[in-house]
Amino acid sequence: MTDATDDSIDEVPTSGELPEAAGILSVRHGPGANCSSIGSAVEILFLSATAGAAILAAVAAVLRASPTASDAAPDSATTRSAAGTNRLPEEIPSVDGGTAP
Amino acid sequence: MRVRAESFGAWVKLDDATLVAVDRSWLARLGIDESDVASAAARTSAPLESHVSITSQCAAPCEGCYQPVSRDGAHVPLTTILATLDRLAADGVFTVALGGGEPLAHPDLAQIGLEARARGLTPVVTTSGIGLTVERAASLTGFQQINVSHDGIDGGYADVRGFHGESIATRAIEILTRAGIPVGVNLVLTRGNFARVEATASDIRARGVRELQLLRYKPAGRAATLSYLDRRLTPEQIATFPSLLGRLVQAQQPEMTVRIDCALVPFLASAEFPSELLAQWGVFGCEAGRHLHAIDARGDDRACSFADRDALPPSAFRAFAADPPEPCASCAIRDVCRGGCKIVSQFVGGAITPDPECPRVRAHDARRASNAAERTG
């Protein structure tokens, strides 16, 4: 077992008023490619609530359109893979104020 | 798409490596049984991302290198690396970031990337660009993204690394982009290059770089000397960091995205980003020993790439994040920041404490010193 970590992102808030995205706790864009420390995309912090909601809706649509795990064999006890393409749109909505500091 | 059961629901990795955390209401749709969730709740969760050093060899004389590397350092054998990939995949890790030393020095780098892909992992790599050729780049298309270290134009690179490697970095960017590989740039922020960040961002975006990753300078390895105190960002620079981020995003998107590393999250404490916003968009502070894990070139597990295996074990990071002292205890972004960079606090203060360079911690410490002076005065 890889050096164990605690789990729990239980404190992460839900997606609020967007019914189709209900239950999406967190969206972490892209892998980054740094080998020394963990990186996080920050564009989204500067977007308006409207643009953020659009991204959540897109994520929900991608998840709903994806083949379920029953379509694919499990590759470990708690990890499932599914075939097919499921990715977010390339375009990130324009910055238009929102919560910029 | 890969799905990993967790006690709260699941992590889902989309094809573009975006990670989505969902609650239990999504489980049936994702094909996860409640028994999987029960199993996840009973165990400790695996990291989301693992940083794996594949060699101790590097020809670059970077003054701030955090690893014990040299020109004649040894490579980790391919068989060992494949066993590591097997272990990470079995544990449900999503991303494996290969580093060194200089990963390009490893003769099996291309195969390692393909083997990681074959195991369902998202392979990425960081390089100085030294040794990269057009032919070599063509073999590296198995990687989701390759980041090139480039700390700034007009002397910014030399200011951080102590040698003039800017042309090596820009050549590597050109070769990789022509090979069709998504390229990012790692830019380590120091007092000396801070003013050049925006100009550097524009320069690399024009060269086809898709992502700028800003990194905090950390006192580890060769950088763990008193010179760190003169090279780290000034309090004034830290105070302007959130506004710098805003300008960078405004100027560079959508062609180039901007990322910050875990150690820079404390510098957002004064920016009044709601904690819920940071969490919802997956901003990670110090995730050492939780979502982040590292394996050094000797094969030893570490909480993060900078953490000494014995002095800073994963349990120390988790214990601090679970019950931090003030001012972290009452900080609005505590759950995301997780107390800031412990590599910094360990070096500056000799112990795991609230990040001494966080603006909120500095203000707290200043008030305590002032109150103490009043009492004794």
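**Entry 1. Terms and model**

I call a residue buried when its relative accessible area is under 20%, exposed when that value is over 50%, and partly exposed in between. I applied this to B:Arg302, which has a relative accessibility of 14% and therefore counts as buried. I note that the structure I consulted is a predicted model.

**Entry 2. The surroundings of B:Arg302**

I looked up the partner of B:Arg302 and found a salt bridge with B:Asp296, in which the closest N and O atoms are 2.8 Å apart. B:Asp296 is at 7% relative accessibility, so I recorded B:Asp296 as buried. I then asked which residues are linked with B:Asp296 and B:Arg302 in a network of salt bridges. The network also takes in B:Arg298, B:Asp300, B:Arg309 and B:Asp310. As background, I wrote down that side chains of opposite charge can pair when their charged atoms come close.

**Entry 3. Other salt bridges**

How many salt bridges does a search of the whole structure find? I recorded 21 over all chains. I examined B:Asp86 and B:Arg119, whose side chains meet in a salt bridge at 2.5 Å, N to O. B:Asp86 belongs to helix α3 of chain B, while B:Arg119 sits in the loop between α4 and β6 (122-127) of that chain, so this pair ties together parts that are 33 residues apart in sequence. With 40% relative accessibility, B:Asp86 counts as partly exposed.

I next examined B:Glu357 and B:Arg216, which meet through their side chains in a salt bridge of 2.9 Å, N to O. B:Glu357 is in the loop between α15 (342-349) and α16 (359-376) of chain B, and B:Arg216 is in strand β9 of chain B; the pair therefore ties together parts that are 141 residues apart in sequence. I found that both B:Glu357 and B:Arg216 are buried.

**Entry 4. Helix α3 of chain B**

I checked the length of helix α3 (residues 78-91) of chain B. Its 14 residues should span 20 Å at 1.5 Å a residue, and the end C-alpha atoms are 20 Å apart, so the two values agree. Just after this helix, B:Gly92 takes a positive phi of about 90°.

Which residues of α3(B) are buried? I listed B:Leu78, B:Ile81, B:Leu82, B:Thr84, B:Leu85, B:Leu88, B:Ala89 and B:Asp91. For reading such a list, I noted that an α-helix has 3.6 residues a turn, so residues three or four places apart point the same way. The cover over the buried residues of α3(B) includes the chain B strands β1 (2-6), β4 (49-53), β5 (95-99) and β11 (292-295), together with helix α4 (109-118).

I selected B:Thr84 from this helix for a separate check. Its relative accessible area is 11%, which is why B:Thr84 counts as buried. Beyond neighbours within four places in sequence, B:Thr84 is in contact with B:Val52 and B:Ile295.

**Entry 5. Chain A and the nonpolar cores**

I counted one helix and three strands in chain A. From the N terminus on, their order is β-β-α-β. Chain A has 101 residues, of which 50% count as buried. Its accessible surface comes to about 4100 Å², and 57% of this belongs to carbon and sulfur atoms. Among chain A contacts between residues at least 6 apart in sequence, 61% join residues at least 24 apart.

I then turned to the largest nonpolar core, which has 105 residues; A:Ile24, A:Leu45, A:Leu63, B:Leu214 and B:Phe241 have the most contacts inside it. Helix α1 (residues 49-65) of chain A supplies the largest share of this core, seven residues. I followed A:Leu63 further: setting aside residues up to four places away in sequence, A:Leu63 touches A:Ile24, B:Met1, B:Val12, B:Leu14, B:Val20, B:Val22, B:Trp26 and B:Arg29. Another core, of 35 residues, lies apart from the largest one, and its members include B:Phe8, B:Tyr217, B:Phe284 and B:Cys341.

**Entry 6. B:Gln213 and a surface patch**

Is B:Gln213 buried or exposed? At 1% relative accessibility, B:Gln213 counts as buried. B:Gln213 lies in strand β9 (residues 211-216) of chain B. Its contacts beyond four places in sequence include A:Asn34 and A:Gly39 from chain A, as well as B:Asn147 and B:Ile260 from chain B. From C-alpha to C-alpha, B:Gln213 and B:Val258 are 6.0 Å apart, with their positions 45 residues apart in sequence.

Finally, I looked at the surface, where B:Leu226, B:Leu229 and B:Val348 form a nonpolar patch with about 270 Å² of accessible area together. B:Leu229 is in helix α9 (residues 227-231) of chain B. Its relative accessible area of 32% makes B:Leu229 partly exposed.

Definitions and conventions: Residues numbered from 1 in each chain as written. Chains lettered and ligands numbered in written order. Predicted model: local features only at pLDDT ≥ 70, side-chain atom pairs only at ≥ 80, totals over all residues. Heavy atoms only, no water. Patch = residues over 30% accessible without salt bridge, like charges linked within 9 Å, V, L, I, M, F, W, Y side chains within 5 Å. Areas by Shrake-Rupley, 256 points an atom, 1.4 Å probe, with all protein chains shown as cover. Salt bridge = Lys/Arg side-chain N within 4 Å of Asp/Glu carboxyl O. Helix = DSSP H or I, 4+ residues; strand = E, 2+ residues; numbered from the N terminus. Buried < 20%, exposed > 50% of the residue type's maximum accessible area, 1.4 Å probe, protein only. Contact = heavy atoms within 4.5 Å. Expected span 1.5 Å × (residues − 1). Core = buried A, V, L, I, M, F, W, Y, C linked by side-chain atoms within 4.5 Å.
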